[in-house]
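User: I'd like to go through a protein model with you, a bit at a time. Could you put it up so we can start?

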Amino acid sequence: MIVVVMGVSGAGKTTLGEALAARLGCEFIDADDHHPAENVAKMASGVPLEDADRWPWLERLNGLLRAQAEQGRTVVIACSALKHAYRTRLCAGIADCRVVYLRGSIAQIRARLAERRHRYMPASLLESQFAALEPPADAITVDVAETPEVCVATVLAALAAPASS
C-alpha cells in the first residue's frame, strides 16, 4: 500500500506522514527532498511552480513509489499533490494507492506558517497553493484543526475499514 498525505504547505503533511509511517511500521518519504535544484530555487525566490516544473518531479516520485509497491512494501509519502492530475501521475501503475487529504482553512494554515520556517517554501506562496488546490473527492479527509494524534487515528481507522462499493 502507498499512502499519499497531501495538502497545502503548512497543513502538516510531514508531521502526520512521519507519525503515520511510524504507526504502520513503514518507510516515510518527503517528496520535498526529491525536488530538483531548479524547483527549490524557484520556490525559494517566491515564484510558484508551474505544471511543467512538476511533471518530471512527479514522474521521479512515481518511479520510486512503484518500485516500493512492486516489492510489496507499504510507504507513506508527504506530497502537496494539489491537483487531481498530480495525484493521478503520482499513483499511476500502483494498485493500492490511498490519498489522505489534510484539509484546513487558509486562516488556520497561515497561522501555522507564521510559527515555522520551511527550508525553501515561503509563506507568501500559500495563496497560490490554495488557488491550485483541487480537493479530492475520493480521499481520506482529515481536519487539520485536530491534534496530530487524532489525525493519525482517523487515518488508521479509515485505512483498516473495508473499501466501500
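Analyst: Here it is, and please keep in mind that this is a predicted model. A place to start is Glu-38, which is found in helix H2, made of residues 37-44.

User: Is Glu-38 buried or exposed?

Analyst: Glu-38 counts as exposed, with a relative accessibility of 58%, and the cut-off for that word is over 50%. Although Glu-38 and Asp-53 are 15 residues apart in sequence, their C-alpha atoms are 8.5 Å apart in space.

User: What about Ile-106, where is that?

Analyst: Ile-106 lies in helix H5, which covers residues 106-114, and it is partly exposed, with a relative accessible area of 30%. If neighbours within four places in sequence are left aside, Ile-106 is in contact with Leu-126, Glu-127 and Phe-130. Its C-alpha atom is separated by 24 Å from that of Leu-20, a residue 86 places away along the chain.

User: Switching topic: how many disulfides are there?

Analyst: A search of the whole structure finds 1 disulfide, and it joins Cys-91 to Cys-97, with 2.2 Å from sulfur to sulfur. In general, a disulfide is a covalent bond between the sulfur atoms of two cysteines. The link of Cys-91 and Cys-97 is left-handed, with -40° about the S-S bond, and Cys-91 is buried at a relative accessible area of 15%.

User: Why is Cys-26 not bonded to Cys-97?

Analyst: The sulfur of Cys-26 is too far away for a bond, because the closest cysteine sulfur, in Cys-97, is 13 Å from it, while a disulfide requires sulfur atoms within 2.5 Å. Cys-26 counts as buried, at 19% relative accessibility.

User: And which cysteine sulfur is nearest to that of Cys-79?

Analyst: That is the sulfur of Cys-91, 9.2 Å away, and Cys-79 is in no disulfide. Cys-79 counts as buried too, at 1% relative accessibility.

User: Cys-91 keeps coming up. Which residues of its helix, H4, are buried?

Analyst: In H4, the buried residues are Tyr-86, Arg-87, Leu-90 and Cys-91. Seen down the axis of H4, these buried residues fall within an arc of 120°, so they line one face of the helix. They pack against strand S1, helix H3 (residues 51-70) and strand S4.

User: What happens just after H4?

Analyst: Just after H4 comes Gly-93, which takes a positive phi of about 80°. Most residues other than glycine have a negative phi. Ala-81, however, has a phi near 40°, which is a positive value in a residue other than glycine.

User: Where does Ala-81 lie?

Analyst: Ala-81 lies in the loop between strand S3 and H4, and it counts as buried, at 1% relative accessibility. Ser-80 has its place in the loop between S3, which is residues 75-78, and H4, and Ser-80 is buried with a relative accessible area of 15%. Leaving aside neighbours within four places in sequence, Ser-80 is in contact with Met-6, Gly-7, Lys-13 and Trp-57.

User: Can we look at pockets? How much space lies in the second largest one?

Analyst: The second largest pocket holds about 290 Å³ of space. Its lining includes both cysteines of the disulfide, Cys-91 and Cys-97, and among the other lining residues are His-84, Arg-87, Asp-138 and Leu-159.

User: Which helix gives the largest share of that lining?

Analyst: The largest share comes from H4, with 4 residues. H4, which is residues 84-91, S4 and helix H7 each supply at least two residues of the lining of this pocket.

User: H7 is new to me. How many residues does it have?

Analyst: Helix H7, residues 148-160, has 13 residues, and it reaches 18 Å from its first C-alpha to its last, close to the 18 Å expected at 1.5 Å a residue. Its buried residues are Cys-151, Val-152, Val-155, Leu-156 and Leu-159. Seen down the axis of H7, they fall within an arc of 130°, so they line one face of the helix.

User: What do they pack against, and what is on the face turned away?

Analyst: The buried residues of H7 pack against strand S1 (2-6), helix H1 (13-24), strand S4 (97-103) and strand S5 (140-143). The face of H7 turned away from its buried side carries the exposed residues Glu-149 and Ala-160.

How values were computed. Residues numbered from 1 in each chain as written. Predicted model: local features only at pLDDT ≥ 70, side-chain atom pairs only at ≥ 80, totals over all residues. Heavy atoms only, no water. Buried < 20%, exposed > 50% of the residue type's maximum accessible area, 1.4 Å probe, protein only. Expected span 1.5 Å × (residues − 1). Arc of directions from axis to C-beta. Contact = heavy atoms within 4.5 Å. 1 Å grid on protein atoms, 1.4 Å probe; cavity = no way out; pocket = protein on both sides within 12 Å on 5 of 7 lines; lining within 4 Å. Points joined across faces, edges and corners; volume = space filled by probe spheres on them.
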